[in-house]
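Here are my notes for you to read alongside the model. Keep the 3D view open as you go through the points.

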Amino acid sequence: MKLHSAAPSPFVRKVRIAALELGLFDRIKIIDTMVAPGKTDDAYGQSVNPLRKIPALELDDGAVLFDSQLICEYLDSIDGNHRLFPAEAEARWRVLSGSAVANGMMDAAVLVRYETFLRPEDKRWNQWIDEQWVKINNGLVWFNQRLPEAEDSVEGIALACALGYLDFRSPELEWRREYGRLAMWHDSASARDAYALTSPEG
Ligand SMILES: N[C@@H](CCC(=O)N[C@@H](CS)C(=O)NCC(=O)O)C(=O)O
């Protein structure tokens, strides 16, 4: 399998952690793919992912899976033990709700990055940026009150990637000062091999 990737992407990190946790990482070849606005690889949009987003996973039979959540679910199905996506209904809805919030925090953080780092300064819209930060902060409040039950569910993985991306791109946020429970949870999750091996870079 080939995973279209970029080292700083929190969504790619989510898939890499999932593959490491499930013992599937050695079956995946990493392909560096450029998708940042203004620098996109057109051939990738035409032949791999029409949305030109990463991650995308090309299977050995040529089929392509996109969106980190779907790729994680696929990897979990190869493993067959429902480690990332619980089978039992109540646990499953809880994990899927939490991962939707964590994925949304990552979306907002990546959009802020594009808006502040890539968009020319005279074209920026500060109110829109502030609204993305409100989503991120609301997510921090929400998770601080409702920690994931497992560090290695798709919810736990997505939350660790969202928090790791905030540390990486926005250390000035200092979210740990207000969200002590979440900080303790993140310290514990980050000690797992799969998390430590995939710290964001680039
Ligand atoms: N919902 C997607 C989001 C993926 C995503 O936004 N990836 C970013 C890189 S971190 C990207 O491809 N950005 C390029 C673009 O939005 O055009 C997923 O979970 O895989």
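1. How far is an oxygen atom of the ligand from an N or O atom in the side chain of Ser-68? The distance is 2.6 Å, which fits the cut-off for a polar contact (a pair of N or O atoms within 3.5 Å).

2. Before going on, a word on the source: this is a predicted model, where local features need pLDDT of at least 70, side-chain atom pairs count only at pLDDT 80 or more, and totals for chains, interfaces and linings use all residues. Residues are numbered from 1 along each chain as its sequence is written, and side-chain values use heavy atoms, with hydrogens and water left out.

3. Back to the ligand. Tyr-114 has a side-chain N or O atom 2.9 Å from a ligand nitrogen atom, while for Ile-54 a backbone N or O atom sits 2.8 Å from a nitrogen atom of the ligand. On its own the ligand exposes 510 Å², and the protein buries 83% of that (Shrake-Rupley areas, 1.4 Å probe).

4. Now look at the largest nonpolar core, which has 55 residues. Such a core is a set of buried Ala, Val, Leu, Ile, Met, Phe, Trp, Tyr and Cys residues joined through side-chain atoms within 4.5 Å; buried means under 20% relative accessible area (1.4 Å probe, protein chains only). Leu-57, Leu-75, Leu-84, Leu-140, Trp-175 and Leu-182 touch the most other members.

5. Where does this core lie? Domain 1 (2–79) and domain 2 (89–193) both contribute residues, so the core lies between them. The domain bounds come from an automatic or database assignment.

6. Try clicking on Leu-84: leaving aside neighbours within four places in sequence, its contacts (heavy atoms within 4.5 Å) include Ala-18, Cys-72, Val-95 and Ile-157.

Key: Buried means under 20% relative accessible area, exposed over 50%, partly exposed in between (1.4 Å probe, protein chains only). A polar contact is a pair of N or O atoms within 3.5 Å; within protein, one must be able to donate a hydrogen and the other to accept it, and residues adjacent in sequence count only if both atoms are side-chain atoms.
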